[in-house]
Amino acid sequence: MEFDRRLEELFREMSFSNIQVAGAAKTDPSLISRFRSGKRIPSLNNPHIPRIARGMVHLAIEEGKTKLLATICGIGGQPTQKLLEEGVLRWLTDENAGLNKPRRRPQTAVKTEKKTILPSFDKKLDLLMRTYHVSNVRLARALNVDASLISRFRTGARSPSADSWLLTEISAYFSARIAAIGEEEEMLALLVQGGASISRSGGESIPCILLHWLRREGEQSGIQLMNKFLEKIDVYRPPTAPVGPPAEITFTAGDGPTPRKVFYGEEGLRDAVVRFLTMAATQEEPRTLALYSDQPLRWLSADDAFARTWAALMAGTMAKGNRIRIIHNIDRCLEEMLEAIARWLPLYMTGQLEPFYCKKQSGQRFRQTKFIIPQIASLTGAFVAGTEDTAQYLLETDAEAVHYQEKQFEGLLALSAPLMHIRPLADADAFLRAFQQLGQKKGHIKTVQPAMSLATMEPALLERILGRSGLSEEENQSVRAYKSHVDQLFPTSTARVI
């Protein structure tokens, strides 16, 4: 019996559809259709045949049909899942199946497994609209919204929340349109290509399957991530008065903590961080805290209440005159980097931070966290990457243990370089000296400023601004001197606003 007839017999006897097997096998249902009809005869080493065999076995186990599958393929005994997969593959590809000869691969070819990445909402909506020829205006009218909103959805500038009524309406609209032209199976195949894992054995309707697919979170685009970051920056307002530790936190250094306390998981780390920062915020003598962590920031970002407590404790720590020397992990993904910047930016404005980055390549096997208050306490953790939920963290106040962690941090700091130099506005002279040194270095300089650049400002415009600024004559002279200095560093022919 030839391959196409064997495959057809399997599908008929097992009562499986192309969509079901394609979803379980992570392959294209249209390819299975061509195999069944004989329009395409695969080669003996075609990678889709083992996938189809695995998909068949997976569905047979799911629906309690393993005995029937074993009978069809002549597999005896009580085979395991692995033996079933091998038996089905062997039955589909034996010498009588009429498969083409194996294709010879170039010796330089490297076998790689393609990772299926679920697209973000904007790409999903754009895929549906392009496939079924729906314009922004048509969909907007059906949903009773403005067409510009649909445009922002498609470009990634906006995204509806997972529980938004819009997702339900979009699913209903496209399901009805697809049902009207009788292309339900084709739509399911489209979703599989878009990263969905679909099984109709549960009896789910087309609108429910489509809604679930739209709700599933995919990779966010750079535009979406940047917009979220800018929204956080836009709504930030610096506190009008120093913020101390929250009133509900009663733990202080004077409570006499045990020299060594163990915490577990991300929840334990949050508890330990609260204790650690409370000790820092209640010390009478200012110190320079040492911070490093290359573990994911989920422990900080996943709990809004804790994030507010963390921000209050950090503000209280800085209000006491403490400084922070932090080694940032710049190997994070874009989303985590923007999250970290948004949380640390208000603290940068104090001028009490010294940020560094390590020049050595970060590893992928282990994660480490080191938070240190010199001579007071250390909070440390070292664990296998991906085990943050069960990781162990040690909060220690023993003098020798804290001293050891200080030396470890100094060793890491020796492998690091400054990420940026921060000059508070109150120290104008230090800023001018630093800017002068920067101007003497070779290369391009990019600055982010809250106002127009003096390097490109016409003298007449500067004088008009100073005239209505209300500054003293001494302050006006300082601005003019600074303008003259900038003009020497950056001639008008070379300075430009980006």
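Buried residues account for 41% of this chain's 498 residues, and the model you're looking at is a predicted one. The chain holds 21 helices and eight strands. Among contacts with a separation of 6 or more, 73% link residues 24 or more positions apart. The accessible surface comes to about 29,200 Å², with 52% of that belonging to carbon and sulfur atoms.

**The sheet**

- Eight strands form an open sheet with mixed pairing, in the order 1-7-6-5-2-3-4-8.
- Strand 1 (260-264) and strand 8 (416-418) sit at the edges with a single partner strand each, so one side of each has no neighbour in the sheet.
- Going from one strand to the next, the twist averages 20°.
- Over in strands 3 (residues 323-328) and 4 (residues 353-358), the pairing is parallel and runs over five bridges.
- Take Arg 325 as a marker here: its bridge partner in strand 4 is Glu 354.

**The helix on the sheet**

- Helix 14 (residues 265-281) packs on the sheet, and its direction makes about 140° with that of strand 1.
- Besides strand 1, helix 14 touches strand 2 (288-293), strand 5 (366-373), strand 6 (377-384) and strand 7 (392-396).

**A spot to check: Glu 9**

- You'll find Glu 9 in helix 1 (residues 3-14).
- Glu 9 is buried but has no salt bridge; Arg 12, the nearest side chain of opposite charge, is 5.1 Å away.
- If you skip neighbours within four places in sequence, Glu 9 is in contact with Met 1, Ile 72 and Trp 91.

Conventions: Residues are numbered from 1 along each chain as its sequence is written. This is a predicted model: local features need pLDDT of at least 70, side-chain atom pairs count only at pLDDT 80 or more; totals for chains, interfaces and linings use all residues. Side-chain values use heavy atoms; hydrogens and water are left out. Two strands pair if DSSP finds at least two bridges between them. Helices (H or I, at least four residues) and strands (E, at least two) are DSSP runs, numbered from the N terminus. Axes are lines fitted to C-alpha atoms, for helices over the stretch in contact, and angles run from 0 to 180 degrees between N-to-C directions. Contact means heavy atoms within 4.5 Å. Buried means under 20% relative accessible area, exposed over 50%, partly exposed in between (1.4 Å probe, protein chains only). Lys and Arg count as positive and Asp and Glu as negative; His and the chain ends are not counted. A salt bridge is a side-chain nitrogen of Lys or Arg within 4 Å of a carboxyl oxygen of Asp or Glu. Accessible areas come from the Shrake-Rupley method with a 1.4 Å probe; for residues, only the protein chains shown count as cover.
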